[in-house]
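Hello,

Here is the structure I said I would pass on. My notes on it follow below.

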Amino acid sequence: MAASVRLLTRRVVRLCQRRFNVTCVSGPGQQSCRGFSDAAGDRSTHFGFETVPEEEKAKRVYKVFENVAQKYDIMNDAMSFGIHRLWKDALLHIMHPQPGARLLDVAGGTGDIAFRFMDYIHSQQEKQERLRVQSMQTPSWQDISDKYSTEDEGGPQESTAVICDINKEMLKVGKQKAESMGVSAGLSWVVGDAEELPFDDDQFDIYTIAFGIRNVTHIDQALQEALRVLKPGGRFMCLEFSKVTNPVLARLYDAYSFQIIPALGEVIAGDWKSYQYLVESIRKFPDQEEFKGMIEDAGFYRVQYYNLTGGVVALHSGFKL
Amino acid sequence: MWLRASNPLRRLNRRQWSLLSKVVSVHQLHSSTSDFSQGSYDGLYPGHIPTTPLQKAVLAVGSGVAALQNPYRHDMVAVLGETTGHLALINLRDRMRNDPEGYEILIERPRIRLSTLDLSRMASLHDGSFGREYLRFLEVNHVTPDSRADVKFVDNEELAYVMQRYREVHDFMHTLLGMPTNMLGEVAVKWFEAAQTGLPMCSLGAVLGPLRLNIRQLQTLFTSLGPWALQNGRKARCVLSIFYEKRWEQSLEDLRQELNIDPPPIIPGPSNKRAT
């Protein structure tokens with residue numbers, strides 16, 4: 001249903017473009033007519049099902065997340081019945097980071113991915129430590145003297161996670177969470193725009209963006225920035241709502257999204273419109289294959305995607321080589 | 001079962017179609033503003049959010065639970081009132097239409113806000129006048145008429161105004177009944193409003209409000225304040241049909257007699273709990 005609507009929209013837009021081109025040709029003098037894809041400053045994009053000028057989209061998205069920041073985590077649990085935790089856990093399992101990895105979590109707001117990353121690294125470190133100790137149960141004198149000489153070289157490189165978000169309110173909530181959980185070590189909180197990251201080239205081993213990329217005005221620019229800041233061999237991972245493949249589940253999911261979620265938003269967060277925007281923006285985001293194509297166009301290799309929960313969420317992954 | 005699932009989807013499609021037609025017309029491109037609440041709105045009045053019956057049901061249940069859990073969430077009480085009050089609002093509007101002054105209000109649609117009230121003129125009125133007593137009520141209880149939420153979920157523009165008027169007239173109720181804004185005073189006004197308007201939200205508030213009173217207050221409520229509020233609620237003229245904004249100089253006693261409201265038997269003293 002959503003696909004047919006999208007097709008129709010594209011057809012209608014193309015029709016209008018043709019109409020405008022015709023009037024441009026036959027119009028008098030140098031009058032520049034405004035079409036859908038004209039000079040800079042006239043470009044429009046979608047904000048949910050609304051059409052807005054591009055400059056405005058970023059501002060409105062900022063306001064949405066400013067309003068929902070305090071209740072963001074509660075609403076996530078309520079809307080997804082806690083399943084969003086499983087999705088984020090799946091991201092970490094597929095990522096399988098090793099101690100020493102540097103993570104950049106863009107649109108990381110309340111820090112869910114970064115916290116899980118640090119937990120995973122710590123448990124990996126403990127596992128490695130245990131294995132090392134097990135294999136060294138009966139060391140020879142040579143082994144012991146070797147250990148003394150290497151001890152002062154400094155430990156393995158510490159893993160760090162940088163959480164970058166354009167919205168200060170979301171970062172504030174994330175920082176408070178980190179402090180209350182007592183896991184602030186190794187985390188940095190940076191305000192930044194996914195389309196223009198405040199980092200040098202070749203800095204990070206892993207770049208993640210979880211449920212954030214559909215709010216970006218220029219997705220291709222965000223993908224190019226991701227390519228830039230990743231080290232060669234680095235991995236790009238994106239968790240995002242996508243097209244449900246099963247038609248029965250799709251109808252249930254649509255009904256649930258449009259009927260229940262905005263009402264829940266009104267009751268829990270006191271904000272209907274922000275959650276209306278959120279469910280509409282999911283429908284406007286490209287599907288799994290199209291997004292895979294966009295990631296490949298940006299220059300990533302070995303791009304693949306995993307469907308979670310029947311396609312409700314898709315995890316895209318690509319490598320910078 | 002699929003019919004029920006597809007009905008909201010059909011309505012969704014209609015909304016998508018109407019929005020598609022907006023995409024085609026170039027005007028929409030340049031008329032949207034940066035604020036959600038201003039500019040082109042998708043509804044019958046500014047702030048209106050159209051909802052399906054299923055959404056209203058979810059809102060009613062959810063807001064009821066939220067309001068019970070945290071009575072300071074006035075927006076939830078408001079949403080509960082809007083989603084459950086359809087029949088009562090129709091009744092109220094018909095009563096207003098049948099009354100000449102009420103009809104005038106429905107035509108002129110006055111709104112009660114600090115910006116529309118002339119506070120200095122009201123302060124200069126003599127003691128005992130309606131305007132002076134109302135101002136005194138605002139000052140003593142530290143409340144302002146601007147704290148009322150806008151109506152969002154009523155799907156008829158006139159009924160939405162009736163709901164808005166009911167909310168804004170609440171402070172006038174306090175003045176007319178002589179009730180302060182502490183818990184006992186609020187419950188007494190709720191009983192009066194429940195008897196007057198028949199709104200389910202008022203009835204719910206009237207039943208659940210006493211749960212938060214202590215024994216002494218409960219005694220006062222059930223012996224004197226409560227019966228007085230109920231009786232007056234039933235026999236008083238429709239309070240929404242009074243054009244209060246034109247009656248500032250009228251004496252409070254005179255207004256009470258006109259509305260057929262008896263003066264309160266007791267004035268509940270200020271307690272530690274303050275509710276707006």
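Accessible areas here come from the Shrake-Rupley method with a 1.4 Å probe. On that basis chain B exposes about 13,300 Å², and carbon and sulfur atoms supply 58% of this area. Please keep in mind that this is a predicted model.

Chain B overall

Chain B contains 13 helices and zero strands. Read from the N terminus, its elements therefore run α-α-α-α-α-α-α-α-α-α-α-α-α, a helix being a DSSP run of H or I with at least four residues. Of the 276 residues in chain B, 50% are buried. Among contacts in chain B with a separation of 6 or more, 73% are between residues 24 or more positions apart.

The annotated site

The UniProt record, an unreviewed entry, places a "binding site" feature at H170(B), D171(B), H174(B) and E186(B). These residues span 17 residues in sequence, yet no two of their C-alpha atoms are more than 10.4 Å apart, so they gather at one spot. Of these residues, H170(B) is included in the lining of the second largest cavity.

How much of H170(B) is accessible? Its relative accessible area is 7%. Buried means under 20%, so H170(B) counts as buried. H170(B) sits in helix α9 of chain B, which covers residues 157-177. Leaving out residues up to four places away in sequence, H170(B) touches R148(B), E186(B), V189(B), K190(B) and E193(B). One of these contacts, E186(B), is itself among the positions that UniProt annotates.

H174(B) lies in helix α9 of chain B as well, and is buried at 1% relative accessibility. With residues up to four places away again left out, H174(B) touches F137(B), M179(B), P180(B), T181(B), G185(B), E186(B) and V189(B). E186(B) and V189(B) thus appear in the contacts of H170(B) and in those of H174(B).

Another residue of helix α9 in chain B is L176(B). L176(B) is buried, with a relative accessible area of 0%. Apart from neighbours within four places in sequence, L176(B) is in contact with F130(B), Y244(B), L252(B), L255(B), R256(B), L259(B) and I261(B). L176(B) and W191(B) are 15 residues apart in sequence, and their C-alpha atoms are 14 Å apart in space.

Salt bridges

How many salt bridges does the structure hold over all chains? There are 41. Three of those in chain B are described here, followed by a network.

E108(B) and K246(B) meet through their side chains in a salt bridge, at 3.7 Å from N to O. E108(B) lies in helix α6 (residues 100-108) of chain B and K246(B) in the loop between α12 (215-235) and α13 (252-259), so the pair ties together parts that are 138 residues apart in sequence. E108(B) is partly exposed, with a relative accessible area of 46%.

R111(B) forms a salt bridge with D150(B), and their closest N and O atoms are 3.5 Å apart. R111(B) is in the loop between α6 and α7 (119-123) of chain B, while D150(B) is in the loop between α8 (130-141) and α9, so this pair ties together parts 39 residues apart in sequence. R111(B) is partly exposed at 27% relative accessible area. D150(B) counts as partly exposed too, at 46%.

For E249(B) and R121(B), the closest N and O atoms of the salt bridge are 2.8 Å apart. E249(B) belongs to the loop between α12 and α13 of chain B and R121(B) to helix α7, so the pair ties together parts that are 128 residues apart in sequence. Relative accessible area is 41% for E249(B), which is partly exposed, and 36% for R121(B), which is also partly exposed.

Salt bridges with shared partners also join D99(B), E101(B), R237(B), R247(B) and E258(B) into one network.

A surface patch on chain A

V248(A), L249(A) and L252(A) make a nonpolar surface patch of about 240 Å². L249(A) is found in helix α9 of chain A, residues 247-269. L249(A) is partly exposed, with a relative accessible area of 33%.

Regards

Key:
Residues numbered from 1 in each chain as written. Chains lettered and ligands numbered in written order. Predicted model: local features only at pLDDT ≥ 70, side-chain atom pairs only at ≥ 80, totals over all residues. Heavy atoms only, no water. UniProt positions renumbered as here; feature names shortened; annotations may be inferred. 1 Å grid on protein atoms, 1.4 Å probe; cavity = no way out; pocket = protein on both sides within 12 Å on 5 of 7 lines; lining within 4 Å. Helix = DSSP H or I, 4+ residues; strand = E, 2+ residues; numbered from the N terminus. Buried < 20%, exposed > 50% of the residue type's maximum accessible area, 1.4 Å probe, protein only. Contact = heavy atoms within 4.5 Å. Patch = residues over 30% accessible without salt bridge, like charges linked within 9 Å, V, L, I, M, F, W, Y side chains within 5 Å. Salt bridge = Lys/Arg side-chain N within 4 Å of Asp/Glu carboxyl O.
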